[in-house]
Amino acid sequence: MTRVLHGQSGAPGIALGTTVRLELTDLASRAALPVEVDVMEHFKRVQMEVVAQLQGVARELRDEGKRDEAAILDAQALLANDVALTEEVRRRAVDQQMPLADAIHAATEAMTVLLSSLDDPYLRERAVDVLAVGKELQQVLMGTTPVDTLLSNAIVISHDLTPLETTTLRKRGIAGLATAGGTSNGHVAILARALGIPAVVGLGEDLMDVPAGVPAILAASSGLLLIEPTAAEVTLYAAERAAMEATNHHRLAVGGLLDSTHDGSPFELWANIGDPSEARTALRYSAGGIGLLRTEFLLLDRMVPASEDEQYAAYAEVLQTMAGRPVIVRTLDIGGDKRLAYLPSINEANPFLGTRGIRWAMRFPHIFRVQLRALLRAGLCGDLRIMLPMVSTPADVLWARAEIEAVANELALSGVDYRPEVPLGIMVETPAAAISLDRFRGIDFCSVGSNDLAQYVLAADRTDATLVQRYRSDDPAIFRLLRMVTATAARLALPVSLCGELAAEPQHAIALVGLGISTLSMLPAAIPQIREALQAVSLPKVKQCAAQACED
Amino acid sequence: MPETHELVLTISHPNGLHLRPAALFVRTAAHFHSAITVRNLSRIESHSVDAKSMFGLMQLGVAEGHQIELHSIGVDATAALLALQQLVASDFEEQP
């Protein structure tokens, strides 16, 4: 009869394998240190070794773009080398002549008790970090390396794991993790998600009765551990795992990554970039696509605009790097605070309300057409989409569409290969576009430019630092307007995303997903943090945050 | 002649002085020779802790909106407080 243990899902996935127990060897049974060694000097060496290990792993994670996960290990390194900890250990090991291992144990226990007694749930959870540091110090002191001898089908069972153990386990290629303690927001869960190890946490003390070496299934997405499963269960879960892997491959192939909130509501995180070379950075941060490729680099800081071929090469580079993932290219957004040396300057009292974005393209159509030609040609290299900036009336889009058709005809007549049906969308950054989104018939998608939208809705210049602090882009007026936009978009089945600084702020990203904007585009480096924040929340929670963002 | 300085700061970071902000705070404080202590004015039972200790800061349980009092003695006491003030004012801005 299968024994089933219930816990919380720590990281999604299914693992079939054999249980392996991972516990610290009994400390009391280990030999004491030679007496001639100065105990605090020895402790210092142990501290340095733990710090070096933690920083080494932190560096690896940072190289993979996992900045937030690296920060967990950095903070642990600070704890391991902490002056207060050293003092607590000294008091016990020197003044009270306690064996060093016991002194470390007692000191970290005492600090954990202190933190646990605070009326702050976050700090109570951090008490676990202190225990983890104690465990790491003891492991180095004792020379135990508990994660050395694991097989690839191991389902590791443990009371709790330290961040260092969790990251080390990945290298051993284990199948899954099951812990008695921990929560879905704890460090083990966060690291397991980042490292792609299926994990169930909070299985309770019953887990500790499970023997080593028995067959088990870890259904991590449902928070279950099945001990000694039946043949039918093995077949069932093996098939489910195969199906999940197939879906993953498929999603990776077509673009979006398999991202979802804690309770399975999907979201996508894309990257804003301003230069073709940044596409590789976006991939490193596992962006599901490029939500905004700014193209001003083709015109700014040069003597002449980039030629059609140069532009084509730039777009093709991004599309090829992104390998089939969506790439939204925003056509030239000149004007406002961006000016060109080689074109006649336009004298305006209010540049941000003047000839910028699509209005600028209407003024200099020959430059716009070069860009369109390069874009239509590059459309053959991947999932290209064209987005128009600073649109305020449907006539703006009609004009651009006519230009695109004219350019397509030219290309066809001269026998140049191009993609005839490139999706066309608009930036929603003027209040007019936001309020009357339903009037823009025939567009294929829209993306909220929250920086400019906030500036226009609040009537506050975003280049003025004093004003920006007082009239913030997270004003309820902005969220209320976005609520209107998503309602209209849902009615028209129009895909809506958001690119702007709002998306890079965890609490705002949660509110945006709650409003129904589940594709967020941001600077690549912000993606891991936002992913972590969104994976940790549930659908009811994001809806609640969205409602709150619309009120004071 | 060592200087002695005091400063009260309000923490506006939504996570208070939790793990990552606390780590930045400790690292910044550790740059200076001066002895720096912190107390959480917003918790009645709070005592002074070493600003260079992660454990110390964690014990203070500083949450968003809490006021902390810094006290520093040493050759670079002013510079230390200025640096910490700047860190808090920037909302613990992390470099990518």
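Visitor: What makes up the contacts in chain A with a separation of 6 or more?
Guide: Residues 24 or more positions apart account for 67% of them, where a contact means that two C-beta atoms, placed from the backbone, lie within 7 Å. This is a predicted model, in which local features need pLDDT of at least 70, side-chain atom pairs count only at pLDDT 80 or more, and totals for chains, interfaces and linings use all residues. Residues are numbered from 1 along each chain as its sequence is written, while chains are lettered from A and ligands numbered from 1 in the order in which they are written.

Visitor: Why is H12(A) called mostly covered?
Guide: A residue is buried if 20 or more other C-beta atoms lie within 10 Å of its own, with C-beta atoms placed from the backbone. In H12(A), 10 of the 14 residues are buried, so the helix is mostly covered. Among them are Phe368(A), Leu372(A) and Arg377(A). The covering elements include helix H10 (308-322) and helix H13 (394-413) of chain A.

Visitor: How do you know that the span of helix H12 of chain A is close to the one expected?
Guide: The expected span is 1.5 Å times one less than the number of residues. Helix H12 (residues 365-378) has 14 residues and an expected 20 Å, and it reaches 20 Å from its first C-alpha to its last, so the two are close.

Visitor: What makes up the side of chain A that touches chain B?
Guide: Here 19 residues of chain A are in contact with 17 residues of chain B. H2(A) gives the largest share of that side, 5 residues.

Methods. Helices (H or I, at least four residues) and strands (E, at least two) are DSSP runs, numbered from the N terminus. A residue is buried if 20 or more other C-beta atoms lie within 10 Å of its own, exposed if 12 or fewer, and partly exposed in between; C-beta atoms are placed from the backbone.
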